[in-house]
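Got the viewer open and the model loaded? Keep the selection box handy, and we'll go from stop to stop.

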Amino acid sequence: MIDTAIAAEDTPARIQVSRAAEAVANASARDIGRATGTVAGNVALTVAPGAALSKASALRTLRLVRPRITYAPPQIGWVKEVVRSEKPWKAYNDSAIGSRAGRAPTLMRTMADGSKRPVKFDGIQGDYVIDRKWSVRDMPRARAQSLRRSEVLAQHRLIGIWEVPTPAQRTKALTLLKKMNVTNIKVKVAKP
């Protein structure tokens with residue numbers, strides 16, 4: 001660009017004017033409109049200082065806009081799982097997407113006193129944590145487990161997925177989650 005500017009200084013004015021006239025003659029309607037709009041805008045800013053002030057205030061408000069908060073990815077740990085069973089629910093849980101043999105993905109739940117406790121799941125798929133349920137029951141222990149899972153998912157800003165084997169179990173799961181006011185766990189059917 002510097003070489004072009006130096007070369008333009010050495011070019012006579014009549015040649016520069018003829019080049020400009022040729023550029024205008026060969027310009028499209030869009031190019032002419034853009035150039036006219038730019039010139040008109042600059043003239044308006046020169047004539048009306050209030051317009052320049054509004055531009056400056058718009059830039060100031062742009063500076064005051066807070067950047068979007070980005071969160072660190074969740075720290076998913078893997079703990080050894082020692083549950084041994086020949087029953088169908090064990091094979092169903094072990095076949096979840098993103099699961100590892102003999103290991104369970106965990107998220108750390110921060111308790112009210114500041115201590116941390118692990119919460120185990122069955123698998124991981126991208127940003128979703130998967131928990132498989134062979135059967136859904138509305139009992140105190142199951143409700144407490146649902147609340148623990150929901151709380152740890154909220155702390156890590158994640159969405160959980162309950163995978164159940166049948167549509168009937170899906171209906172039970174949705175009813176239980178609605179009753180518990182849990183909104184960060186979705187339910188889907190995953191055939192065994």
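Colour by secondary structure to begin: the protein has 7 helices and 7 strands. Both kinds of element are DSSP runs numbered from the N terminus, with helices being H or I of at least four residues and strands being E of at least two. Starting from the N terminus, the order reads α-α-α-α-β-α-β-β-β-β-α-β-α-β.

A word on what you're looking at: this is a predicted model, where local features need pLDDT of at least 70 and side-chain atom pairs count only at pLDDT 80 or more, while totals for chains, interfaces and linings use all residues. Residues are numbered from 1 along each chain as its sequence is written, and side-chain values use heavy atoms, with hydrogens and water left out.

Colour by accessibility next. Of the 192 residues, 23% are buried; buried means under 20% relative accessible area, exposed means over 50%, and partly exposed is in between (1.4 Å probe, protein chains only). If you draw a contact map (contact: heavy atoms within 4.5 Å), residues 24 or more positions apart make up 65% of the contacts with a separation of 6 or more.

**Stop 1: the sheet**

Select S4, S5, S6 and S7. These 4 strands form an open sheet in the order S4-S5-S6-S7, with mixed pairing. Two strands count as paired if DSSP finds at least two bridges between them. The edges are S4 (123-125) and S7 (185-189), each of which pairs on one side only. From one strand to the next, the twist averages 30 degrees. Angles here run from 0 to 180 degrees between N-to-C directions, and the axes are lines fitted to C-alpha atoms, for helices over the stretch in contact.

Now zoom in on 128-132 and 159-164. That's S5 and S6, which pair in the parallel sense over 5 bridges. Strands of a sheet pair through backbone hydrogen bonds, either parallel or antiparallel. To follow the register, pick Val-129, whose bridge partner in S6 is Gly-160, then Arg-132, whose partner in S6 is Glu-163.

Add 167-179 to the selection. This is helix H7, which lies across S6 and S7 and runs at about 170 degrees to S7.

**Stop 2: S6 and Glu-163**

Why is S6 largely enclosed by the rest of the structure? Because 5 of its 6 residues are buried. Centre on Glu-163, which sits in this strand. Glu-163 is buried, with a relative accessible area of 1%. Show everything within 4.5 Å and, not counting residues up to four places away in sequence, Glu-163 touches Tyr-92, Ile-130, Asp-131, Arg-132, Lys-133, Lys-188 and Ala-190.

**Stop 3: Lys-80**

Hop to strand S1 (residues 77-80), where you'll find Lys-80. Lys-80 is exposed, with a relative accessible area of 62%. Leaving aside neighbours within four places in sequence, Lys-80 is in contact with Gly-102 and Arg-103. Try a distance label to Ala-101 as well: Lys-80 and Ala-101 are 21 residues apart in sequence and 9.2 Å apart in space, C-alpha to C-alpha.

**Stop 4: the cavity**

Time for a surface. On a 1 Å grid over the protein atoms alone, a cavity is a set of points where a 1.4 Å probe fits but cannot get out, and a pocket is an open set with protein on both sides within 12 Å along at least five of seven lines; lining residues have an atom within 4 Å of a point. Grid points are joined across faces, edges and corners, and a volume is the space filled by probe spheres set on the points.

There is 1 cavity of 30 Å³ or more, and the largest cavity holds about 70 Å³ of space. Select its lining: Glu-81, Asn-93, Asp-94, Ser-99, Arg-100, Ala-101, Gly-102, Arg-103, Ala-104, Phe-121 and Asp-122. Helix H5 (88-94) and strand S2 (103-110) each supply at least two of the lining residues. By class, the lining has 3 nonpolar, 3 polar and 5 charged residues. Here Ala, Val, Leu, Ile, Met, Phe, Trp, Tyr, Cys and Pro count as nonpolar, Asp, Glu, Lys and Arg as charged, and the others, Gly among them, as polar.

**Stop 5: the pockets**

The largest pocket has a volume of about 960 Å³. Of its 26 lining residues, Asn-93, Lys-133, Arg-141, Gln-145 and Arg-149 lie nearest the centre. Which element gives the most to this lining? H6, with 5 residues. The lining of the largest pocket has 11 nonpolar, 3 polar and 12 charged residues.

Last one: the second largest pocket, at about 210 Å³. Of the 11 residues lining it, Ala-72, Pro-73, Pro-74, His-156 and Arg-157 are the closest to its centre.
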